[in-house]
Amino acid sequence: MNLFTPKEAALNYANASVAKSKLALPNMALLSILAGMLIAFPGAVTNMATYALENNSSIRMISGLLFAFGLGMVILSGAELFTGNTLMSIGLLDKRIGLCGMLRNWVVVFLGNFVGSLIVAIITAKFGWVGAGNGALAVFSMKVAIGKMTMPFQNAFFMGVLCNILVTLGVLFSLSSKDVAGRILGAYTPVAFFVICGFNHSIADMYFGVCGLLTAQVYGITAENLTWFNQEMDECANDYVAYILELVEAAKETCSDPVVLIEQRVDFSRWVEQGFGTSDAILIADGTIHVIDYKHGLGILVSAVENPQLKCF
């Protein structure tokens, strides 16, 4: 087989870390900007491919299968990616590079990766790309950004740790192969795993976060309000809960055991072609079904008048 042994692959990276630590600053900066762009592009691809989907499992699966090509592009192009370059610690432990050389690379590459992801984020957010689906892609991009930027620090940190374990394994698996196809496949599988699992890649999140923030500006939403929670949402959610409880109490007058289903997957494809979705709440009583749909958007009005989703229900 065209493979190096694990020991040989580790030694290969130890040797590569020497070259990385001695890269001229302009070369290091340009290669790191390239890597940031090569990771941002798959981020844009996954947003475009999944913005119209509702099922979270499908979103993660498709995102994982598409995003995973990013690391292979980085490795084959020779670009400098911070998350992969954390493996330079192998060269440090093997006493082939010094601490200063490793830290120099990490700092420059991290900043360069941010610049690369920033370039792609600015172009996609500011020049009409997020307008796909009559703004649906813009809403999805902002939701992705919100989810990442409001994650508790400890969650983000440990999800990042798990992600980087898989990224570095992908780099090592890629370097274990002696041919191009093996290198791509070696990098592909671990990356697909971390995306499907929902782990956080620091460089990819640079693109998702900045794209979401810039998209919010394009649509006139201030960054201060770009959170999952505010006082208005709290009041609306409480009203929503109170409304459902009122319906339950009313249903009990004619039904001893009404059933309430929250975030219920529904399939009405028997009557509407490809008709399916997730209902916020369903109340089932004797002879009556209430389908309750809660809307609290990000600045894009959803009217109940002639609403096609409500008509389907």
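## Exercises on a predicted helical model

Leaving aside neighbours within four places in sequence, Ser32 touches Glu80, Val108, Val109, Gly112 and Asn113. Keep in mind that this is a predicted model. With that contact list as a warm-up, let's work through some exercises.

**Exercise 1. Place Ser32 in the fold and decide whether Ser32 is buried or exposed.**

Step 1: Look up the element. Ser32 sits in helix α2.

Step 2: Check the accessibility. The relative accessible area of Ser32 is 0%, and the cut-off for buried is under 20%. Ser32 is therefore buried.

Step 3: Return to the partners. Beyond the neighbours within four places, the contacts of Ser32 include Glu80 and Gly112.

**Exercise 2. Describe the surroundings of Asn105 and find which backbone atom its side chain reaches.**

Step 1: Asn105 belongs to helix α7.

Step 2: Its relative accessibility is 0%, so Asn105 counts as buried.

Step 3: The side chain of Asn105 comes to 3.3 Å from the backbone oxygen of Lys20.

Step 4: Setting aside neighbours within four places in sequence, the contacts of Asn105 are Lys20, Met28, Glu80, Asn85 and Met88. Glu80 appears here, and Glu80 is also on the list for Ser32.

**Exercise 3. Test the lengths of helices α3 and α7 against 1.5 Å a residue.**

Step 1: Helix α3 covers residues 56-67, which is twelve residues, so a span of 16 Å is expected. Its end C-alpha atoms are 16 Å apart, in agreement.

Step 2: Helix α7 runs over residues 99-126 and has 28 residues. From first C-alpha to last it reaches 40 Å, close to the expected 40 Å.

Step 3: Look just past the end of α7. There, Gly128 has a positive phi of about 90°.

**Exercise 4. Work out which residues of α3 are buried, how they are arranged around the axis, and what they pack against.**

Step 1: List them. Ile59, Ser63, Gly64 and Phe67 are the buried residues of α3.

Step 2: Consider their directions. These residues cover an arc of only 125° around the axis, so they lie on the same side of α3.

Step 3: Recall the helix geometry. An α-helix has 3.6 residues a turn, so residues three or four places apart point the same way.

Step 4: Find the partners. The buried residues of α3 pack against α2 (25-50), α4 (69-77), α8 (136-149), α10 (180-197) and α11 (202-218).

Step 5: Finish at the start of α3. A side-chain oxygen of Asn55 comes to within 3.0 Å of the backbone nitrogen of Ser57.

**Exercise 5. Characterise the second largest pocket: how much space lies in it, and which helix gives the most to its lining?**

Step 1: The second largest pocket holds about 420 Å³ of space.

Step 2: Its lining has 17 residues, and those nearest the centre are Ala156, Gly160, Asn200, His201 and Ser202.

Step 3: At least two lining residues come from each of α5 (82-85), α8, α9 (153-175) and α11. Helix α9 gives the most, with seven residues.

**Exercise 6. Set these details in the whole chain: how many helices and strands does it have, and what share of its residues is buried?**

Step 1: The protein chain has 13 helices and three strands.

Step 2: Its C-alpha trace spans about 80 × 45 × 35 Å along the principal axes.

Step 3: Of its 313 residues, 39% count as buried.

Step 4: Among contacts with a separation of 6 or more, 74% join residues 24 or more positions apart.

Notes
Residues numbered from 1 in each chain as written. Predicted model: local features only at pLDDT ≥ 70, side-chain atom pairs only at ≥ 80, totals over all residues. Heavy atoms only, no water. Helix = DSSP H or I, 4+ residues; strand = E, 2+ residues; numbered from the N terminus. Expected span 1.5 Å × (residues − 1). Buried < 20%, exposed > 50% of the residue type's maximum accessible area, 1.4 Å probe, protein only. Arc of directions from axis to C-beta. Contact = heavy atoms within 4.5 Å. Polar contact = N/O pair within 3.5 Å; in protein donor to acceptor, adjacent residues only side chain to side chain. 1 Å grid on protein atoms, 1.4 Å probe; cavity = no way out; pocket = protein on both sides within 12 Å on 5 of 7 lines; lining within 4 Å. Points joined across faces, edges and corners; volume = space filled by probe spheres on them.
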